[in-house]
Amino acid sequence: MSSQQDMGLPAARENAVITGAASGIGAAVARRLLDRGANVFLIDRDIDRLRSVFANVDAPGETVKLFQADVTDNAKLKALFAEVDAHGGVDNVVHCAGVARLGTVIEIDEASFDFVLDVNLKGTFLLAKNAMPSLMKRRGCFTAIASDAGTQGASGYAAYCASKHGVVGLIKSMALDHGPQGVRCNAICPGFVETPMLDQLFADNPSDRGFYEKTVPLGRFARPNDVAELAAFISSPAGSYLNGAIIALDGGSTAGYFSSASAAD
Ligand code: NAD
């Protein structure tokens with residue numbers, strides 16, 4: 001076994017699977033991993049958008065494969081990983097596909113609750129289930145983009161918060177189950193990130209944007225690239241001892257009580 005394999009790192013060119021790659025965080029992660037020379041297998045339910053985002057990608061020598069798949073579709077995921085296996089298997093899964101619906105338990109209806117839980121939580125389970133045999137062979141890693149709403153409550157986000165808490169629990173269990181098999185499992189918990197999802201959430205109440213921005217000690221929301229850099233680090237040699245880590249990436253928002261009025265200039 002090479003020393004690279006000893007460290008749980010791929011011996012050959014990295015094969016990375018990224019979900020939700022047509023937009024926001026997923027697109028940024030895909031670009032970041034392409035930049036470091038990975039072959040990327042990009043998944044989104046919106047194939048037209050995925051094609052338009054990656055139509056003119058300049059990646060000499062690298063494989064860029066685009067797949068239309070819903071992460072709640074077990075059969076599709078199975079077929080997809082069979083194809084990735086035909087390319088030697090997967091070293092790095094970064095799971096970014098996700099949805100948000102606003103509402104308290106009174107406001108949100110049962111269908112919307114089921115939809116959010118299905119995509120965010122069951123989708124993570126199905127992706128991990130299909131990826132794990134291949135990850136075990138390549139001693140790879142699985143990173144889920146959870147949320148700050150996976151470690152604490154968020155008013156008006158009952159279903160989303162429940163789903164992301166589920167993702168955090170699932171990742172911790174996966175780290176314990178599969179760490180001994182050489183697969184590292186971690187979650188990134190961003191605060192607000194400037195993506196189309198955020199625009200959609202603030203569409204009805206644009207003034208919320210300024211309000212919430214003031215709650216971030218660093219004074220700004222994250223950019224998709226901030227998340228992509230952390231995902232790249234976790235799956236790099238420098239991150240090879242990270243397993244079961246639930247990492248806040250929120251400019252300090254969950255560090256404790258914060259008053260923007262008392263913030264130093
Ligand atoms: P986005 O809406 O910009 O992108 C999400 C992508 O996932 C879209 O391309 C969409 O088509 C795809 N997708 C949605 N459901 C899918 C499904 N069932 N199967 C396959 N693809 C699907 O959102 P984003 O802001 O980039 O969010 C990425 C992840 O980060 C999500 O899990 C989200 O919950 C999480 N997150 C976002 C924020 C934020 O403020 N934007 C904060 C914390 C966590």
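Two residues are in contact when heavy atoms of theirs lie within 4.5 Å. Keep that in mind for every stop. The model on your screen is predicted.

**The whole protein**

Start with everything shown as a cartoon. You should find nine helices and seven strands. The radius of gyration is 18 Å, close to the 18 Å that the globule rule gives for 265 residues, so the protein is as compact as a globular protein of that length. Turn the C-alpha trace around: along its principal axes the trace spans about 55 × 40 × 40 Å.

Now think about the inside. Of the 265 residues, 46% count as buried. Take the contacts with a separation of 6 or more: 71% of these are between residues 24 or more positions apart.

Switch to a surface view. About 12600 Å² is exposed, and carbon and sulfur atoms supply 53% of that area. Colour the charges next. There are 23 positive and 29 negative ones, and their mean positions are 6 Å apart.

**Stop 1: His87**

Select His87. Look in the loop between α4 (74-86) and β4 (92-95). His87 is partly exposed, at 35% relative accessibility. Which residues does His87 contact, leaving aside neighbours within four places in sequence? Show Asn15, Phe41, Thr63 and Lys65. Then look at the side chain of His87: one of its polar atoms lies 3.1 Å from the backbone oxygen of Glu83.

For a sense of scale, select Leu218 as well. His87 and Leu218 are 131 residues apart in sequence, and their C-alpha atoms are 42 Å apart in space.

**Stop 2: Asn15**

Go from His87 to its contact Asn15. Asn15 belongs to strand β1, residues 15-19. Is Asn15 buried or exposed? Its relative accessible area is 2% and buried means under 20%, so Asn15 is buried.

Follow the side chain of Asn15. A polar atom there lies 3.1 Å from the backbone oxygen of His87. The side chain of Asn15 also reaches the backbone oxygen of Gly89, at 2.8 Å. Now show what Asn15 touches, leaving out residues up to four places away in sequence. The list includes Asn39, Phe41, Val90, Asp91 and Arg138.

**Stop 3: Arg139**

Arg138, from that list, leads to the next selection: Arg139. Arg139 sits in the loop between α5 (110-138) and β5 (141-145). Check the backbone angles here. Arg139 has a positive phi of about 50 degrees, although it is not a glycine. Arg139 is partly exposed, with a relative accessible area of 31%.

**Stop 4: the segment after β7**

Move along the chain to Gly252, in the segment after β7. Gly252 is partly exposed, with a relative accessible area of 27%. Add Val216 to your selection. Gly252 and Val216 are 36 residues apart along the chain, yet 6.5 Å separates their C-alpha atoms.

Finish at Thr254, in the segment after β7 (246-249). Thr254 counts as partly exposed, at 29% relative accessibility. What joins the side chains of Thr254 and Asp250? Draw the distance and you will find a polar contact of 2.5 Å.

Now widen the view. Not counting residues up to four places away in sequence, Thr254 touches Asp148, Gln152 and Ala248. Last, select Thr215. Thr254 and Thr215 are 39 residues apart in sequence, and their C-alpha atoms are 9.9 Å apart in space.

How values were computed
Residues numbered from 1 in each chain as written. Predicted model: local features only at pLDDT ≥ 70, side-chain atom pairs only at ≥ 80, totals over all residues. Heavy atoms only, no water. Helix = DSSP H or I, 4+ residues; strand = E, 2+ residues; numbered from the N terminus. Rg over C-alpha atoms; globule rule 2.2 N^0.38 Å. Buried < 20%, exposed > 50% of the residue type's maximum accessible area, 1.4 Å probe, protein only. Areas by Shrake-Rupley, 256 points an atom, 1.4 Å probe, with all protein chains shown as cover. Lys, Arg positive; Asp, Glu negative; His and termini not counted. Charge placed at Lys NZ, Arg CZ, Asp CG, Glu CD. Polar contact = N/O pair within 3.5 Å; in protein donor to acceptor, adjacent residues only side chain to side chain.
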